[in-house]
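Hi there,

Here is the structure I promised to pass on. Have a look at it first, and then read on for what turned up in it.

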Amino acid sequence: MKIVDHYQLERETIHVGMSMYERYIVKFQCSDMHQCQLLALAALYIAVKIYEERKKDTLSFFCKLSAGRFSERDIETMEIKLLTGLDWLVNPPSPQAFIYLYIRFLATKLTEESRSFGVCTCIYDVANYISELCLLQTNVRDQSASTIASASFLLAVRGINEHWLVNCRRRSEVIEEILALDISAESSVVDSVSKLIEANLSSSNDCLSLQDIYMRLDPNQAVYKERSGTNPKY
């Protein structure tokens, strides 16, 4: 995630790259650390080519990223090996795609003031951030993209001020409607939400609570400050 943030890559890029890497590892195994690193680099390289059309000199960039360990030829050779090994199935559904659909749904439940204030954007950022951290959580990372997206989105909605919702509707009502969309199995979503609430989400060397994440992405506490001072329930 440091690489994605530092080089301003699209948020879906890391998920697509990780998906290709893990699917290849499951199918063919990889016990050599050097080859695993090259495979990871090639997977991210392919993901960047798919989602970062405006990026220039991509191959030379990844050579520099490897600090001289891999040449352009090494990366291109592994790219072909990975693509053929996965039968060119390199565009999996990502949590971000599902989160975007949820955001469009949520927009119909927000007041006009909240839409103009950028509440959807803030919730989208929080949900995406949580979904990225899920990649580091062994107890949820193997869930489907739709389940990770649902759990991340529900946790993002969980902390917002209720006054942003139409007619002060309770968060629980909105959450019930989201679960009713049946994009992912409700039991899996609820289980993932519970595990993420209980865990400290790791980011680099940080251990973040959900409140830490809310404050990190909404430092002015415009969207996530709890008016009652209590934890939200649902």
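A residue counts as buried here when its relative accessible area is under 20%, and as exposed when that value is over 50%. By that rule, buried residues make up 46% of the 234 residues in the protein chain. Please keep in mind that this is a predicted model.

Let me begin with the overall layout. The protein chain has 12 helices and 2 strands. Starting at the N terminus, the order is α-α-α-α-α-α-α-α-α-α-α-β-β-α, with the two strands placed just ahead of the final helix. If you take the contacts between residues at least 6 apart in sequence, 74% of them join residues at least 24 apart. The accessible surface of the chain comes to about 12400 Å², and carbon and sulfur atoms account for 49% of that surface.

Next, the spaces in the protein. A search of the whole structure for cavities of 30 Å³ or more finds 1, and the largest cavity has a volume of about 30 Å³. Which residues line the largest cavity? They are Tyr102, Ser150, Ile178, Leu179, Ile183, Ser184 and Val189. Sorted by class, that lining has 5 nonpolar and 2 polar residues, with no charged ones.

The second largest pocket has a volume of about 340 Å³. Its lining has 17 residues, and those closest to the centre of the pocket are Ser19, Glu22, Arg141, Gln143 and Ala145. Helices α2 (residues 11-28) and α9 each supply at least two lining residues, and α2 gives the most, with 6. In this pocket the lining is made up of 8 nonpolar, 5 polar and 4 charged residues.

Two serines are worth finding on your screen. Ser152 sits in helix α9, which covers residues 145-158. Is Ser152 buried or exposed? Its relative accessibility is 0%, so Ser152 counts as buried. A polar atom of the Ser152 side chain lies 2.7 Å from the backbone oxygen of Ile148. Leaving aside residues up to four places away in sequence, Ser152 touches Ala127, Ile130, Ser131 and Cys134.

The other serine, Ser66, is in the loop between α4 (58-65) and α5 (72-85). Ser66 has a relative accessibility of 2% and therefore counts as buried. Its side chain reaches the backbone nitrogen of Phe70 at 3.3 Å.

That brings me to backbone angles. Most residues other than glycine have a negative phi. Ala67, however, has a positive phi, near 55°. Ala67 lies in the loop between α4 and α5, and Ala67 counts as exposed because its relative accessibility is 66%. Where is Trp88 found? Trp88 is in the loop between α5 and α6 (95-107). Trp88 is not a glycine either, yet its phi is positive at about 65°. With a relative accessibility of 54%, Trp88 also counts as exposed.

If you would like a route through the model, you could start with the lining of the largest cavity, including Tyr102 and Val189. From there, go to the second largest pocket and the residues closest to its centre, among them Glu22 and Arg141. You could then finish at the loop between α4 and α5, where Ser66 is found.

Happy browsing, and best wishes!

Key:
Residues numbered from 1 in each chain as written. Predicted model: local features only at pLDDT ≥ 70, side-chain atom pairs only at ≥ 80, totals over all residues. Heavy atoms only, no water. 1 Å grid on protein atoms, 1.4 Å probe; cavity = no way out; pocket = protein on both sides within 12 Å on 5 of 7 lines; lining within 4 Å. Points joined across faces, edges and corners; volume = space filled by probe spheres on them. Nonpolar A, V, L, I, M, F, W, Y, C, P; charged D, E, K, R; others polar. Helix = DSSP H or I, 4+ residues; strand = E, 2+ residues; numbered from the N terminus. Buried < 20%, exposed > 50% of the residue type's maximum accessible area, 1.4 Å probe, protein only. Contact = heavy atoms within 4.5 Å. Areas by Shrake-Rupley, 256 points an atom, 1.4 Å probe, with all protein chains shown as cover. Polar contact = N/O pair within 3.5 Å; in protein donor to acceptor, adjacent residues only side chain to side chain.
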